[in-house]
Amino acid sequence: RSRLQEKAQLGQELNRLAEKLGEACSVASSTPEQHWQSYTRVTSIIEELLRVQGAQQQDAAPRSDEETRQLYATFSTWMAQNGADIKDVKIGKVDIGERGLIATKTLEAGDVAVTVPGKVMMSVHSALKTPLGRLIRGDPLCKEMPNVVLALHLLNEKFKRDSFYKPYIQTLPESYFTPLYYSADEMTLLKGTSGFNDAISCVRNIALQYSYLFRLIKNFPNLPLNVNTFTFDEYRWAVSTVMTRQNSVPLLGENNVRQRSLALVPFWDLVNHRSGGTITTDFDDEGDCLKCFSMWPCEAGSQFMMYYGDRSSLEFLINSAFVPEDSEHDRFKLKLGISKADKLVAKRAEVFESCGLPPHLSGMFTLTRPSKPLPVETTLFLRVFCMNEAELDRCTTEQAKAEPMRLRQMLMDSTSPWSLSLHRRLWSFLNTRCELLLRQYPSTDEADTLVMDEPACTVPTKYIMKFRQSERRLLKEVIEFARHKLQLLEAE
């Protein structure tokens with residue numbers, strides 16, 4: 001066969017697989033078992049895509065330490081030449097295989113450690129100024145999803161020979177620990193946790209995007225990013241880069257108007273997270289630059305770190321591809337619902353609607369650690385869920401329905417004249433529900449720690465284990481708090 005015939009056949013095969021992938025991602029699922037079946041269907045097609053596309057690619061050898069050092073040196077020089085102030089920190093190893101920033105002088109709290117000019121940031125604004133802009137402006141998905149635009153922009157610059165951003169792109173990780181890279185065994189470890197559906201949805205959503213974008217990119221054959229370079233492996237790499245590094249930055253856009261834009265911020269994105277702080281990064285409009293201040297005193301030779309924000313362990317796992325030791329902002333996604341067989345279901349729905357909650361009979365609600373107040377929606381749902389008929393009647397009078405804000409405040413007020421019985425029902429229900437959730441975990445904290453200590457433990461497995469431990473810790477804390485509440489109520 002001629003090369004033209006082989007190329008045509010390959011194109012047909014890729015078209016078939018991209019379409020098949022989109023169809024598999026579009027099949028609805030609702031139960032954990034259905035989610036898993038969907039995941040296995042989707043990943044089997046992804047594996048086939050990776051095999052077919054991988055046969056056309058030359059495998060690059062992993063970077064050596066010396067190559068990595070040279071790339072970072074070139075990158076640091078490029079940053080300085082383009083106006084970055086990075087003289088007080090340097091790139092260095094901070095953990096096995098991990099990089100971060102090391103202070104080259106002692107920094108006091110409040111000192112500016114890193115200054116990054118807007119001109120070196122890759123953003124939706126900068127994407128629109130490139131030939132890729134025509135694709136972005138004309139596509140409805142790109143108009144609604146700036147993270148997709150940023151991933152496409154990154155790939156287009158990666159395959160552009162003379163890209164201005166080349167020194168930055170060359171230093172990015174060659175792969176990531178996001179759910180897009182999980183093996184089936186690693187994904188299985190999330191079963192029974194609140195992160196199982198999120199991780200599977202992440203894979204499905206990105207696979208669906210790829211199927212759509214593969215067909216779209218065929219209409220723009222002259223871009224560096226084309227059907228030959230736009231492989232699934234490249235797309236999951238770009239998406240993972242954006243997931244773990246994106247930030248909203250007020251940059252100068254079209255007509256020189258400053259607007260917030262999703263962006264990748266070179267060098268600053270090497271700063272690692274430390275718990276127990278506040279955001280210490282700001283944007284200087286006048287200087288058109290991002291400034292990162294030292295949150296804590298940092299001695300010369302030690303790692304310079306910052307606080308990433310009030311994220312839960314699940315958000316860290318999915319979006320940042322790691323889990324810190326302890327997150328004070330942990331949350332648990334709790335599915336709550338009212339049975340249609342409940343004879344008071346209509347009255348409960350009426351109260352939900354009156355106080356501003358969607359009149360749905362089920363939904364996902366958030367549990368927080370006892371040191372943080374429960375979200376309003378969770379508190380409202382639990383109170384209405386546990387009410388008896390007399391208590392519901394008090395909330396469905398004409399006066400109550402005419403003053404929804406007052407009703408909402410009354411339901412939220414723990415000192416309002418609700419019966420002790422209602423409070424006992426609420427805390428008893430929460431205690432029982434959390435006990436049941438805790439029992440569905442396939443192992444214990446001790447067993448998960450043993451797995452993490454094994455030499456063969458993969459990085460994703462380690463972080464999934466840490467996430468499981470954080471969820472169990474939260475549930476145990478809620479159970480202890482609920483029992484304490486019940487004891488106090490018994491004493492009254």
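F75, W78, F164, Y165, Y168 and F267 come together in one aromatic cluster. This is a predicted model, and 19 aromatic pairs turn up in it. Here is a short tour of some of these rings and of two lysines that sit over tryptophans.

**A tilted pair in helix α10**

- Y210 and F214 have ring centres 5.9 Å apart and planes at 40°, so this pair is tilted; stacked would need planes under 30 degrees apart, and edge-to-face over 60.
- Both residues belong to helix α10, which covers residues 196-217. Y210 and F214 are four residues apart there, about one turn of the helix.
- Y210 and F214 are both buried.

**A stacked pair in helix α14**

- F381 and F385 form a stacked aromatic pair, with 6.0 Å from centre to centre and 20° between the planes.
- Helix α14 (residues 376-386) holds both F381 and F385, four residues apart, or about one turn of the helix.
- Is F381 buried or exposed? With a relative accessibility of 2%, F381 counts as buried, because the cut-off for buried is under 20%.
- F385 has a relative accessible area of 23%, so this residue is partly exposed.

**Lysines over tryptophan rings**

- K158 places its charged end over the ring of W237, at 4.0 Å from the ring centre.
- K191 does likewise with W36: the charged end of K191 sits over that ring, 4.4 Å from its centre.

Key: Residues are numbered from 1 along each chain as its sequence is written. This is a predicted model: local features need pLDDT of at least 70, side-chain atom pairs count only at pLDDT 80 or more; totals for chains, interfaces and linings use all residues. Side-chain values use heavy atoms; hydrogens and water are left out. Rings of Phe, Tyr and Trp (its six-membered ring) pair if their centres lie within 6.5 Å; planes under 30 degrees apart count as stacked, over 60 as edge-to-face and the rest as tilted. Helices (H or I, at least four residues) and strands (E, at least two) are DSSP runs, numbered from the N terminus. Buried means under 20% relative accessible area, exposed over 50%, partly exposed in between (1.4 Å probe, protein chains only). A charge sits over a ring if NZ of Lys or CZ of Arg is within 6 Å of the ring centre and within 35 degrees of the ring normal.
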